[in-house]
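Student: I would like to learn how to read a structure like this one, feature by feature. Could we take the general idea first each time, and then the case at hand?

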Amino acid sequence: MSAVGERLTDALYGLGWTAVKKLPEPVAAGLGRRIADTAWKRRGQGVLRLEANLARVVPDASPERLAELSKAGMRSYMRYWMESFRLPTWSAERVKDAVDIEDVHYLTDGLAAGKGVIVALPHLANWDLAGVWATRALGVPFTTVAERLKPETLYDRFVAYRETLGMEVLPHTGGSAFGTLARRLRAGGLVCLVADRDLSASGVEVKFFGETARMPAGPAMLAQHTGALLLPVTLWYDDTSTMKGRMYPPVDVPRTGTRAEKAAVMTQALADAFATGIADHPEDWHMLQRLWLADLDPAKGPGA
């Protein structure tokens, strides 16, 4: 991205955080839908990539059905942004009413027992809202990791925004994040990680909707190193103003195998849980980037 493009991107996000949160909620929601529909009609790279990804999730869908799903997906994606821009103004009661997660006892029981807990989520619905729900409704602070963005000022905006919501944010790069996360978990804390996409060389290959993708090894390795519970979580929107979610039973550490082999089994278990949630609510999966290895390297298989 050019320097001019970076400054424009930073300015647009800044405008969102300052302007959108001042709008009445129905106005902000309507604005989000209009932006989503406009982007969908333009058929840009993000929309086309979203449809290609959804074709893996719903393999029997007709082109018309995929178009419907991608339109709903863009609306869901913009709902995420409109909510996120407004989250700093929401009261604890507003946040509590906005989230309903099934089987949250896996989280609260683990924390009450003094065990660290790792929550791993895919890019479904609004993971920032789920984080604010943890800090404000449950009263549980947590630590997460953020990818360094360009320009640096935009990354700083995201870090400052999430810290105002009660999150401790660590940079993904630099090598110190794993150690800090491990210390938080050994102290009985909560770590939340978005974990359905990893393009690094250290990612674990998994079968995801019948094809090979790569997901981060970090959640599984942290669970092995610290003894913390590893909980998959999926989120979705319905026709109400309340975001729904589900916590799955903890992913067990295998009894045998090397650390890498154990991490591979555990990461596949995460991928399976993510796939269940995504298949149930494909329109809420905000994956507008390449994910499967066949798309990253056409020589590795069909579907590029």
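Tutor: Let us begin with strand pairing: two strands pair if DSSP finds at least two bridges between them. Keep in mind throughout that this is a predicted model. As a case, β2 and β5 pair in the parallel sense over five bridges, and among the residues concerned, Ala-120 has Leu-193 in β5 as its bridge partner.

Student: In what order do the strands of the sheet come, and which are the edge strands?

Tutor: The sheet is open and is formed by seven strands in the order β1-β9-β8-β2-β5-β3-β4, with mixed pairing. The edge strands, each of which pairs on one side only, are β1 (99-102) and β4 (167-171). From one strand to the next the twist averages 25°.

Student: How do I see in the pairs themselves that the pairing is mixed?

Tutor: Follow β9 on its two sides. With β1 it pairs in the parallel sense over four bridges, and there the bridge partner of Val-99 is Met-243 in β9. With β8, by contrast, β9 runs antiparallel, and four bridges join the two strands; one example sets Thr-234 against Arg-246 in β9. The connection between β8 and β9 is a hairpin through six residues.

Student: Is β9 mostly covered or mostly open?

Tutor: A residue is called buried when its relative accessible area is under 20%. In β9, four of the five residues are buried, so the strand is mostly covered.

Student: Which helices lie on the sheet, and at what angles to β8 do they run?

Tutor: Angles between axes are taken between N-to-C directions and run from 0 to 180 degrees. Helix α6 (residues 105-112) lies across β2, β5, β8 and β9 (243-247), and runs at about 150° to β8. Helix α11 also packs on the sheet, where it touches β2, β8 and β9, and its direction makes about 20° with that of β8.

Student: Why is helix α10 described as largely enclosed?

Tutor: The reasoning rests on a count of buried residues: seven of the nine residues of α10 (residues 218-226) are buried, and therefore the helix is largely enclosed by the rest of the structure. The buried ones are Pro-219, Ala-220, Met-221, Leu-222, Ala-223, Gln-224 and Thr-226. Their cover includes the strands β2 (117-121), β5 (190-194) and β8 (229-236), together with the helices α9 (177-186) and α11 (259-280). Just after α10, Gly-227 takes a positive phi of about 80°.

Student: What should I make of a positive phi in a residue other than glycine?

Tutor: As a general rule, most residues other than glycine have a negative phi. Asp-103 has a positive phi of about 60° although it is not a glycine, and this residue lies in the loop between β1 and α6. Ala-125, in the loop between β2 and α7, likewise has a positive phi, near 55°.

Student: Are Asp-103 and Ala-125 buried or exposed?

Tutor: Asp-103 is partly exposed, because its relative accessible area is 36%, which lies between the cut-offs of 20% and 50%. Ala-125 counts as buried, because its relative accessibility is 0%.

Student: Where is Gly-139, and how far is its C-alpha atom from that of Gly-166?

Tutor: Gly-139 is found in the loop between α7 (127-137) and β3 (142-146), and it counts as exposed because its relative accessibility is 51%. Along the chain Gly-139 and Gly-166 are 27 residues apart, while their C-alpha atoms are separated by 9.5 Å.

Student: How should I read a pocket, for instance the second largest one?

Tutor: One can take its volume, then its lining, then the elements that supply the lining. The second largest pocket has a volume of about 660 Å³. Its lining has 21 residues, and those nearest the centre are Leu-12, Tyr-13, Ile-35, Met-78 and Trp-81. By character, the lining residues divide into 14 nonpolar, six polar and one charged. Helices α1 (3-19), α2 (25-42) and α4 (63-86) each supply at least two of the lining residues, and α4 gives the most, with six.

Student: How many helices and strands does the protein chain have, and what share of its residues is buried?

Tutor: The protein chain has 12 helices and nine strands, and buried residues make up 49% of its 304 residues. Of the contacts between residues at least 6 apart in sequence, 75% join residues at least 24 apart.

Notes. Residues are numbered from 1 along each chain as its sequence is written. This is a predicted model: local features need pLDDT of at least 70, side-chain atom pairs count only at pLDDT 80 or more; totals for chains, interfaces and linings use all residues. Side-chain values use heavy atoms; hydrogens and water are left out. Buried means under 20% relative accessible area, exposed over 50%, partly exposed in between (1.4 Å probe, protein chains only). Contact means heavy atoms within 4.5 Å. On a 1 Å grid over the protein atoms alone, a cavity is a set of points where a 1.4 Å probe fits but cannot get out, and a pocket is an open set with protein on both sides within 12 Å along at least five of seven lines; lining residues have an atom within 4 Å of a point. Grid points are joined across faces, edges and corners, and a volume is the space filled by probe spheres set on the points. Ala, Val, Leu, Ile, Met, Phe, Trp, Tyr, Cys and Pro count as nonpolar, Asp, Glu, Lys and Arg as charged, and the others, Gly among them, as polar.
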